[in-house]
Amino acid sequence: NRDWRDNVTLFEATLRENPNSLRVHYNLAVAFESVEKSFPPALRHYATVAAMAEQAGPAALRQELEAYYYAGNVLLADGRPQEAYAQFQRILEKGRDEQSFDLVAAAIVAIGES
């Protein structure tokens, strides 16, 4: 693959071909966050995942809540606890089904930390 130099370049090339891939936006957010330690682009891609998942409806609720959770963690790591709190609060507002229990519980703990 001529596009691969690292995860970021691979996922950016993939997005050029398929800009509506929720999974690729998520993978790119993780690469920016954990590998590049670059928080602004990670937050942009987590926001894109949340927006795309919200538009997809209930079937993508898990991805939406995960995007809020990981964005909140990035904001905490970046020293922005009030903004992190807002992300975790979205999980509490939307995560009312049984499959969301673990994320709701994690968000409650994270709110305490923020």
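Let's start with helix α1, residues 7-17, which packs against α2 at an angle of about 155°, with the two axes 9 Å apart. This is a predicted model, by the way, so please hear everything in that light. With an angle over 145 counting as roughly antiparallel, α1 and α2 are therefore roughly antiparallel to each other. The crossing of α1 past α2 is left-handed.

Who touches whom here? On the α1 side we have Asn 7, Val 8, Phe 11, Glu 12, Thr 14 and Leu 15, and they meet Val 24, His 25, Asn 27, Leu 28, Ala 31 and Phe 32 of α2. Sorted by class, that contact between α1 and α2 comes to seven nonpolar, four polar and one charged residues.

Now follow the chain onward to the next pair. α2 packs with helix α3, residues 39-56, again at about 155°, and here the axes are 8 Å apart. That angle makes α2 roughly antiparallel to α3, and α2 passes α3 in a left-handed crossing. If you have the model open, look along α2 for Leu 22, His 25, Tyr 26, Leu 28, Ala 29, Val 30, Phe 32 and Glu 33; facing them from α3 are Phe 39, Pro 41, Ala 42, His 45, Tyr 46, Thr 48, Val 49, Met 52 and Ala 53. The class count for the contact of α2 with α3 is 13 nonpolar, three polar and one charged.

On to the third pair. α4 and helix α5, residues 81-94, pack at about 160° with their axes 7 Å apart. So α4 runs roughly antiparallel to α5, and α4 crosses α5 in the left-handed sense. From α4, the contact uses Leu 61, Glu 64, Leu 65, Tyr 68, Tyr 69, Ala 71, Gly 72, Asn 73, Leu 75 and Leu 76; from α5, it uses Pro 81, Glu 83, Ala 84, Gln 87, Phe 88, Arg 90, Ile 91 and Lys 94. Between α4 and α5 the classes are eleven nonpolar, three polar and four charged.

Last topic: empty space inside the model. How many cavities of 30 Å³ or more are there? The count is one, and the largest cavity holds about 40 Å³ of space. Its lining is made of Leu 22, Arg 23, Tyr 26, Val 49, Gln 63, Glu 66 and Ala 67.

Which helices each supply at least two residues of that lining? They are α2, residues 22-35, and α4, residues 61-77. A few of the names will sound familiar: Leu 22, Tyr 26 and Val 49 line the cavity, and they also take part in the contact between α2 and α3. By class, the cavity lining has four nonpolar, one polar and two charged residues.

That's my tour, thanks for listening, and I'm happy to go back to any of the helix pairs.

Notes: Residues numbered from 1 in each chain as written. Predicted model: local features only at pLDDT ≥ 70, side-chain atom pairs only at ≥ 80, totals over all residues. Heavy atoms only, no water. 1 Å grid on protein atoms, 1.4 Å probe; cavity = no way out; pocket = protein on both sides within 12 Å on 5 of 7 lines; lining within 4 Å. Points joined across faces, edges and corners; volume = space filled by probe spheres on them. Helix = DSSP H or I, 4+ residues; strand = E, 2+ residues; numbered from the N terminus. Nonpolar A, V, L, I, M, F, W, Y, C, P; charged D, E, K, R; others polar. Axes fitted to C-alpha atoms, helices over the stretch in contact; angles between N-to-C directions. Parallel < 35°, antiparallel > 145°, perpendicular 65-115°, else oblique. Left-handed = near helix turned anticlockwise from the far one by under 90°. Contact = heavy atoms within 4.5 Å.
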